[in-house]
Amino acid sequence: AQQIMGTITGYAKNNQMNLILQNCTDFLQFASQLVIAWRLCESAVLADKKIGSATSADDKKFYESKMTDFRVYCANYLIHNLSTAKTILDFDQDVLALEI
């Protein structure tokens, strides 16, 4: 995330607004996936702390579901951030300047 922010900041410093615009959707997707994972992680950590004191089977299932949600999200959704980051960091050509 820091490397992506540094890249986009560099584009801004160099007044390369087309590069910022062509990456803005990917950046917003990257950031939103990160925020969702962070929030799910907080819930999973809290559930892990509370599962030992669960008083009913339903409570235990609820806490287990929070930990499962986080694992599933990371394995199936957050993993896409690797390719999104690569796209942002590795493609530094202004698509409007490319000749077809």
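The protein exposes about 7,200 Å² of surface, and carbon and sulfur atoms supply 59% of that area. The coordinates are those of a predicted model.

**Overall form**

The fold contains four helices and zero strands, and its elements follow the order α-α-α-α from the N terminus. The C-alpha trace spans about 65 × 25 × 15 Å along the principal axes. The radius of gyration is 19 Å, whereas a compact globule of 100 residues would have a value near 13 Å. Of the 100 residues, 19% count as buried. Among contacts between residues at least 6 apart in sequence, 66% join residues at least 24 apart.

**Helix 3 and its cover**

Helix 3 comprises 22 residues, 57-78. Because each residue should contribute 1.5 Å, the expected span is 32 Å, and the 30 Å between the end C-alpha atoms agrees with this. Its buried residues are Y63, M67, Y73 and L78. The cover over the buried residues of this helix includes helix 2, residues 17-50, and helix 4.

Y77 also belongs to helix 3. Y77 has a relative accessible area of 45% and is therefore partly exposed, since the partly exposed class lies between 20% and 50%. Apart from neighbours within four places in sequence, Y77 is in contact with Q33 and V72. The C-alpha atoms of Y77 and K13 are 32 Å apart in space, and the two residues are 64 apart in sequence.

Which residues does Q33 touch, not counting those up to four places away in sequence? They are Y73, Y77, L78 and N81. Q33 itself is found in helix 2. Its relative accessibility is 14%, so Q33 counts as buried. Two of its partners, Y73 and L78, are among the buried residues of helix 3, while Y77 is partly exposed.

**Salt bridges**

The structure holds two salt bridges. One joins the side chains of R39 and E42, with an N to O distance of 2.8 Å. R39 and E42 are three residues apart in helix 2, which means that about one helical turn separates them. The other joins the side chains of D90 and K86, with an N to O distance of 2.5 Å. Both D90 and K86 lie in helix 4, four residues apart, or about one turn of the helix. An α-helix has 3.6 residues a turn, so residues three or four places apart point the same way.

The accessibility of the participating residues is as follows.

| Residue | Relative accessible area | Class |
|---|---|---|
| R39 | 47% | partly exposed |
| E42 | 38% | partly exposed |
| D90 | 48% | partly exposed |
| K86 | 53% | exposed |

For the pair in helix 2, R39 is partly exposed at 47%, and E42 is partly exposed at 38%. For the pair in helix 4, K86 counts as exposed at 53%, because the exposed class begins over 50%. Its partner D90, at 48%, is partly exposed.

**The loop between helices 1 and 2**

N15 is placed in the loop between helix 1, residues 2-13, and helix 2. Its phi angle is near 55°, a positive value in a residue other than glycine. Is N15 buried or exposed? With 59% relative accessibility, N15 counts as exposed.

**The segment after helix 4**

Helix 4 covers residues 80-90, and V95 lies in the segment that comes after it. A nonpolar surface patch of about 370 Å² is formed by F91, V95, L96 and L98. V95 has 41% relative accessibility and therefore counts as partly exposed. That value is compatible with patch membership, because patches are made of residues with over 30% relative accessible area and no salt bridge.

**Summary of the main features**

In this all-helical arrangement of four helices and zero strands, helix 2 and helix 4 are included in what covers the buried residues of helix 3. Q33 of helix 2 touches residues including Y73 and L78. The salt bridges are R39 with E42 and D90 with K86. The nonpolar patch includes V95, which is in the segment after helix 4.

Notes:
Residues numbered from 1 in each chain as written. Predicted model: local features only at pLDDT ≥ 70, side-chain atom pairs only at ≥ 80, totals over all residues. Heavy atoms only, no water. Patch = residues over 30% accessible without salt bridge, like charges linked within 9 Å, V, L, I, M, F, W, Y side chains within 5 Å. Areas by Shrake-Rupley, 256 points an atom, 1.4 Å probe, with all protein chains shown as cover. Salt bridge = Lys/Arg side-chain N within 4 Å of Asp/Glu carboxyl O. Buried < 20%, exposed > 50% of the residue type's maximum accessible area, 1.4 Å probe, protein only. Rg over C-alpha atoms; globule rule 2.2 N^0.38 Å. Contact = heavy atoms within 4.5 Å. Expected span 1.5 Å × (residues − 1).
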